[in-house]
Amino acid sequence: MGTVAAHGLRKSFGEVQALDGVDLDVPDGSFFVVLGPSGAGKTTTLRAIAGLETLDGGSVHLDGRDATADTPAARDLAMVFQSYALYPRRTAYENIASPLRARRASSSDIQAAVQQVSALLHIERLLQRRPAQMSGGEMQRVALARALVRRPRAFLMDEPLTNLDLKLRVEMRTELTRIHRTLGGTFLYVTNDQVEALSMADRVAVLREGRVQQVGTPTEVYERPANQWVAGFVGSPRISLLACRAEGDRLVGAQGWSLPRPRWTTAEDGRPLLLGLRAEDVSVEKRGEAALPGELYGLEPLGDRTVVDVKVGSEMVKVKARPTVTGTPGERVSVTVDLDRAHLFDADTGLALATSGR
Ligand SMILES: Nc1ncnc2c1ncn2[C@@H]1O[C@H](COP(=O)(O)OP(=O)(O)OP(=O)(O)O)[C@@H](O)[C@H]1O
């Protein structure tokens, strides 16, 4: 078993309210990612769960038992940090073996366990090297192996891929998902990288200023963001938000445009709203009924696609287009909107509007 539950975690550092009532329910065997920007409280949350931080309030339950007062060792959790924290004078083998030695396992058991985890991480050829003789990515694998070699209740991982170059990071994302599937333990992983969160997690909690904004599958968080902030934080290019209000069967933009009111929205007339458009749900290539008149502002070629910036009045809409798209700044264009995929937020509260039947 490996369920981790944190309820109402509160922690301040002087003036800074790092955790402001964090609730997390991490199911046994899940790959659970806490996603948030720098300073959101991700590390503090992990440290609190690990027992490394004294809390101002809240509780931590492990496998259903209150562990709030337990020592870090009694919690039986393994931490992996972005700094590898390997013993510099010991070989990779000795580093990986160290948690088992501390438990006085027999040397044949240690050898079998180190071999098994090294095969899983493809690091057999590194076992006799010391940290100074390894690359960052290799050290990261050894650090992971050291965490994985014992079977803790859960693994807590604090941005473990941050120090790797892009290629290795992409590789390690796939590796971690594979390792999770092979080992079947509970992974609680924190990151500020939405691609990591969306690609690896089976559940994501989005954290901002010490508060959980939304918990859901990656698809739910992306497709049905609970509020304007989550919509803006998750997704690249960033979602475009246009000020508007509902009037009868129309949606009327502050910049003078008007679109048919989406059938699914329950907004009352006149309330200030924000229309959220993801770059893949709009296009500049064709004209249609639901179109925003605009002016081409710039093109950002990204190889497999080009992001087109279109100015609609004084607001900007980002459009994902084919790499072959052409245009000159200043040119009049029209942005076609897939209204069934658009989002509406209350401009005052930032909350997503209740939808009917979507
Ligand atoms: N020991 C400390 N003393 C004072 N302030 C702290 C301490 N630890 C964290 N903080 C503050 O608490 C807030 C949350 O920090 P935390 O490290 O948990 O954020 P984070 O989401 O992990 O950020 P990052 O992605 O940059 O690591 C930040 O404002 C940080 O400056």
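**View 1. Six strands line up in an open sheet with mixed pairing.** In this predicted model, the strand order of the sheet is β6-β7-β8-β3-β9-β10. The edges are taken by β6 (77–80) and β10 (211–216), each of which pairs on one side only. If you follow the sheet from strand to strand, neighbours are turned by 20 degrees against each other on average, with direction ignored. As general background, strands of a sheet pair through backbone hydrogen bonds, and they can do so either parallel or antiparallel.

**View 2. Here we zoom in on the parallel pair β3 and β9.** Strand β3 covers residues 31–35 and strand β9 covers residues 203–208. The two are joined by 4 bridges. A handy place to look is Val 33, which stands opposite Val 204 in β9.

**View 3. Helix α1 lies across strands of two sheets.** Spanning residues 42–50, α1 lies across β1, β2 and β4 (57–62). Its direction makes an angle of about 120 degrees with β1. The helix α1 also lies across β3, β6, β7 (154–158), β8 (187–191) and β9. Relative to β7, α1 runs at about 150 degrees.

**View 4. Four strands make an open sheet with antiparallel pairing.** Reading across this sheet gives the order β2-β1-β4-β5. Both β2 (16–26) and β5 (65–66) stand at the edges with a single partner strand each, so one side of each has no neighbour in the sheet. Within the sheet, β1 (residues 4–13) runs antiparallel to β2, and 8 bridges join them. One residue pair to pick out is Arg 10 with its bridge partner in β2, Asp 20.

**View 5. Helices α3 and α4 pack at an angle of about 125 degrees.** Helix α3 is made of residues 92–102 and helix α4 of residues 107–121, and their axes are 10 Å apart. The angle falls in neither the parallel, antiparallel nor perpendicular range, so the two helices count as oblique to each other. The crossing of α3 past α4 is right-handed. On the α3 side, the contact involves Tyr 93, Ile 96, Ala 97, Leu 100 and Arg 101. These meet Ile 110, Ala 113, Val 114 and Val 117 in α4. By residue class, the contact of α3 with α4 has 8 nonpolar members, no polar ones and 1 charged.

**View 6. Helix α3 also packs with helix α5, at an angle of about 30 degrees.** Residues 136–148 form α5, and the axes of α3 and α5 are 7 Å apart. Angles under 35 degrees count as roughly parallel, so that is the description for α3 and α5. Once again, α3 makes a right-handed crossing, this time past α5. From α3 come Ala 92, Asn 95, Ile 96, Ser 98 and Pro 99, while α5 brings Val 142, Ala 145 and Arg 146. The residues of this contact divide into 5 nonpolar, 2 polar and 1 charged.

**View 7. Strands β17 and β18 form a hairpin.** β17 (residues 306–312) and β18 (residues 315–321) run antiparallel and are joined by 7 bridges. Asp 309 stands opposite Lys 318 in β18. There are 2 residues between the strands, and Gly 313 in the turn has a positive phi of about 60 degrees.

**View 8. This view frames residues 4–234, listed by UniProt as "domain: ABC transporter" in an unreviewed entry.** Over this stretch the chain is 39% helix and 26% strand. The end C-alpha atoms of residues 4–234 are 25 Å apart.

Key. Residues are numbered from 1 along each chain as its sequence is written. This is a predicted model: local features need pLDDT of at least 70, side-chain atom pairs count only at pLDDT 80 or more; totals for chains, interfaces and linings use all residues. Two strands pair if DSSP finds at least two bridges between them. Two residues are in contact if their C-beta atoms, placed from the backbone, lie within 7 Å. Axes are lines fitted to C-alpha atoms, for helices over the stretch in contact, and angles run from 0 to 180 degrees between N-to-C directions. Angles under 35 degrees count as roughly parallel, over 145 as roughly antiparallel, 65 to 115 as roughly perpendicular and the rest as oblique. A crossing is left-handed if the near helix is turned anticlockwise from the far one by less than a right angle, and right-handed if clockwise. Ala, Val, Leu, Ile, Met, Phe, Trp, Tyr, Cys and Pro count as nonpolar, Asp, Glu, Lys and Arg as charged, and the others, Gly among them, as polar. UniProt positions are given in the numbering used here, feature names are shortened, and annotations may be inferred rather than shown by experiment.
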